[in-house]
Amino acid sequence: MTVERNNLKQNTILQVADLQVEFRTQYGVLTAVNDVTFQVSAGETLAIVGESGSGKSATQLAILGLLPTPPGRVVRGRAMFGGEDLLTLSERRLQDIRGRQIGMVFQDPMTALNPFLTIGTQLAEMPRRHFGSSSHDSREQALAMLERVGIVPAVKRFDDYPHQFSGGMRQRVLVAMALICRPQLVIADEPTTALDVSIQAQILDLIQELAVREGTAVVMITHNLGVVASRCQRVVVMYAGRIVEMASVQELFSNPRHPYTRALLASIPRVDAVKSRLVAIEGQPPDLVSLPPGCAFAPRCTHRIARCSEEVPQLNLSEGGTEVACWVDPGTIDSENVRHET
Amino acid sequence: MLRTLTWFVVQRVLWSCATLWLVFTATFFLMRLVPGGPFQLDRNVSPEIRRNLIARFRMDLPLPQQYWEHLFRTARGDLGPSFTIADYSVNEILGQGFVVSSALGVFALLGALGLGVPAGVLSAAYRGRSVDRWVMLLATLGIAVPNFVLASLCILVFVFVVPVFPAGGWGTWRQLVLPSACLAAPFAAYIARLTRTGMLEVLGQDYIRLARAKGLRSSAILVRHALRGAMLPVVSYLGPTTAGILTGSLVLEKVFALPGMGSHFVDAALQRDFTLAMGAVLVYTLLLSVMMLIVDISYVLLDPRVKIGE
Amino acid sequence: MWELPRIDETKSYGHMLAEARAMRGTSLSRDAWTRLRRNRAAWISAMFLLCLSVLAVLTPLLPLDSPQRQYLGSGAANRQLLPPSWKGGRIEIDGPGGTIPLSVALRRYDELLRHSTVGAKVEVMHPFLRLWHDLRPVDYVLVRCRLRCFGDWCLPSWCGTDQLGRDVLSRLLWGTRVSLSVGAIAGCVSLVIGVFYGAIAGYFGGFVDAMMMRFVDVLSSIPFIFVVIFAITVLGKEEIRAELQRHGIERIAIFYLLIGAIYWLTMARVVRGQVISLRNEPFVEAARVLGAGHVRIILFHLLPNLISIVIVYLTLMIPSIILFEAFLSFLGLGVEPPNVSWGILANDGIQAITPLRSYWWLVFFPGLTLSMTLLALNFLGDGLRDALDPRLRQH
């Protein structure tokens, strides 16, 4: 382990190690998350990037103990948070941590709010639950929080039901819920995918602004590399349940090492390219029930060597602090053309 | 909100009046289907009663006038004299029966809800475990076994094998236990199934996941966040439940020899007491409309998304 | 600005063809069939109902005692309220000098016919008519076959006998015929009304639809069960019954119509909803472009697509019809003696309960048959719904 990583560890607030999550489906047992290890430092914004089914949501649900069990199951791993392993805590203790120390922003604001309760009730029940505030105090706190996420005048909207709000407004309410108890960590699971493009940036800015002000760490789960570039410090790239690359944002964009990361970057449509053509990654996303024995990306990889389909590559520290799980020497890839320049 | 609610109620009351009128007209003309009028050829009717009936129904008038006359009197709440029970008006007979039937019906409705909802919640909370399987097995049986079959089995068991309850009659609460239990059973079973389905559906919703992510206690999630949504199908089933309980009471009052409206109605149908049967049909229609209105209003109050009148 | 990715044609046609072959799935109905087979409760229910229907159809062929012959004599001739037994019996008929076996009675009747002069009216009732009320020609042949096969021997009273000494097993099976046929026929009546009403309303839409559906709303706010009981009160009056009899209308036929006329409302709503969603599908447009008329489109293009949902609702509707029939017959307002139905049998059972003794077999066997049939129909309906339309599946 390097000096840099040890330094990071000192103010690490969440450390996930060797996490493995399985789902039992009618087609067989699939491993949604495999050997996932990463850490989040106080105040930083970490992005977890990957296509759907890559295990990013399952990782986050497992950490919070929200995995739908029976089908899902944490096989092994640790998630250290404040000196406790979240994966072994009792449900009651977890309930104290959820919402209070770790906030969540869900993907779809249209379905995440309870349609039968007013916005105010749903927001105010959090301080009442976690701080034992009186109904008057919790109402005041909820009103203040609504103002801060830009729902004004808060007093007027407090007793409205979710169906009276637009999607963007509801997402603001969700952000307010995630932050009202001033948690140390907020996990945002694709917080903008269900929103109009024009509103996406507003919500992201809101999360970032509030997080910076409170010194809250943010884990941003996304498949949108655009989000990553502007708002995060570090990026974890996942593929088929494993981390394939972990790097700082600058390193990832200027010097991507894993072939999958490169392909991802290449698939961003570029307005300035001369000959533009929508680039897709060849082949099918992997079938998680029957993964190939080696690297899961090998069948789609243009650089694969014999070893790729035999042995699973482990994360290795590469230059610039980047960690990559790939058998191929990055140097040989560098000499080739990166696809989006063709 | 209040104004739209009032308007909604007014609309529904008008609608009920139209339904009542339709039923009245249908029964009136059905009665006139009998060749020579309903009172002409029946041997059982004594001359005095027949004379009274003819006078009461103004049989001397032409048909349209008879119809209006009868409609106005009925609208004022006068259902006329009974056809077979001398010296009793239909109002008196139904009034006496109503006390019995409403006690039975209210007990049955409360029993169905009080048994069905907790059973459904329990079943959903322990989904896939043996509690769930037993509750659902019982519910399936409860839905399939008709109430009169259940009633006869109950009589066999609780009156003969383990003599706990009397076989019938009216007067003490013990005499109401078996009939209302048999009346409630199929609806309790159905409500349990609806509650379970509703609960499972709601518990799979995103907003329940959010409530969990907010760190709320499980009981608070179940009661405050989930139960309300899960109750919606149950509430909308209360209308059919009421109708079913009214219908079922016909049979159970006969089986347990309760002197309720249902027994009177069935007897009237068997003995061709047209006035009593017609009065009973109208009262049942009225009762049903009132219950439907209550159900609809509670639905509106329960779900903020429902716009009144839609 | 972007072009669609070009397909390398030379390479891909063979490849695509192979892929398509590999992907060729099972047909929808076979898929549904497999799903139904896999649902154990539904499959057992289907088998049970099949057996019951076969038994009901073949009842005259079975060596059963008469469902209506009463044994009220003294000594061995009195068979009132006997518990279930395993001792086989003999089918008999009251002759001029005591009871005689049916075959003997039949022989005597034939002789009587042969010896009577041609044209003279035979005053003696056919023995069959004294044992079985109202045999239809097919049933007559079946009873003849039964006598050929089993002679006078008949099954023991496995289910005991009732207050009038009649054999409960026999009554149960003859009642099954009536109850199942009420379910099937009244079900078909409401099916036909509901499907056509709903299809027409949904297909034409607009004003026609609004009016037709308003009518359905009005009807569904009427508590029909009570009105039907009232109607039965009126129809039960001797004069009206005689009048109808003269036109060849039996009470049971009115019964079918009355029930059928109530239960079509839900079916109409469901069918209308489906038709509305299908009305603007390309295949309907295509049929219209090819010059198909409204009738043709409804009959040959829309209705075939509704079969699965109609089957599901029919299976779920039939138990409520059977239950309604049993309910009315139980109250004495439905099927009338000497016809038998499950409701009448259940009522017989209740009537036989006295403060002193309970005759459990009179309550148990009819109740069991009725409940099992309703249970099986419910299971089958649920199973069919899951099999035919997995989207409708509940938890």
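Here are some questions and answers about a predicted model.

Visitor: At roughly what angle do the axes of helix α5 and helix α7 of chain B cross?
Guide: Let's look at residues 130-144 for α5 and residues 174-203 for α7, both in chain B. Their axes come within 8 Å, and they cross at roughly 135°.

Visitor: Is α5(B) parallel or oblique to α7(B)?
Guide: The two axes cross at roughly 135°. An angle has to be over 145 degrees to count as roughly antiparallel, and 65 to 115 would be roughly perpendicular. That crossing angle therefore makes α5(B) oblique to α7(B).

Visitor: How many residues of each class make the contact of α5(B) with α7(B)?
Guide: From α5(B) come B:V135, B:A139, B:G142 and B:I143. Those from α7(B) include B:P186, B:Y190 and B:R193. Sorted by class, the contact has one charged, one polar and nine nonpolar residues.

Visitor: Now for chain A: which are the edge strands of the sheet?
Guide: The open sheet has eight strands with mixed pairing, in the order β6-β7-β8-β3-β9-β10-β12-β11. An edge strand pairs on one side only. In chain A, that describes β6 (102-105) and β11 (316-317).

Visitor: Which residue stands opposite A:L185 in β8(A)?
Guide: Strand β7 (residues 185-189) and strand β8 (residues 217-222) of chain A pair in the parallel sense, over five bridges. Opposite A:L185, in β8(A), stands A:A217.

Visitor: Which helix packs on this sheet?
Guide: Look for a helix touching β3, β6, β7, β8 and β9 of chain A. Its direction makes about 140° with that of β8(A). The helix is α2 (residues 56-64) of chain A.

Key. Residues are numbered from 1 along each chain as its sequence is written. Chains are lettered from A and ligands numbered from 1 in the order in which they are written. This is a predicted model: local features need pLDDT of at least 70, side-chain atom pairs count only at pLDDT 80 or more; totals for chains, interfaces and linings use all residues. Axes are lines fitted to C-alpha atoms, for helices over the stretch in contact, and angles run from 0 to 180 degrees between N-to-C directions. Helices (H or I, at least four residues) and strands (E, at least two) are DSSP runs, numbered from the N terminus. Angles under 35 degrees count as roughly parallel, over 145 as roughly antiparallel, 65 to 115 as roughly perpendicular and the rest as oblique. Two residues are in contact if their C-beta atoms, placed from the backbone, lie within 7 Å. Ala, Val, Leu, Ile, Met, Phe, Trp, Tyr, Cys and Pro count as nonpolar, Asp, Glu, Lys and Arg as charged, and the others, Gly among them, as polar. Two strands pair if DSSP finds at least two bridges between them.
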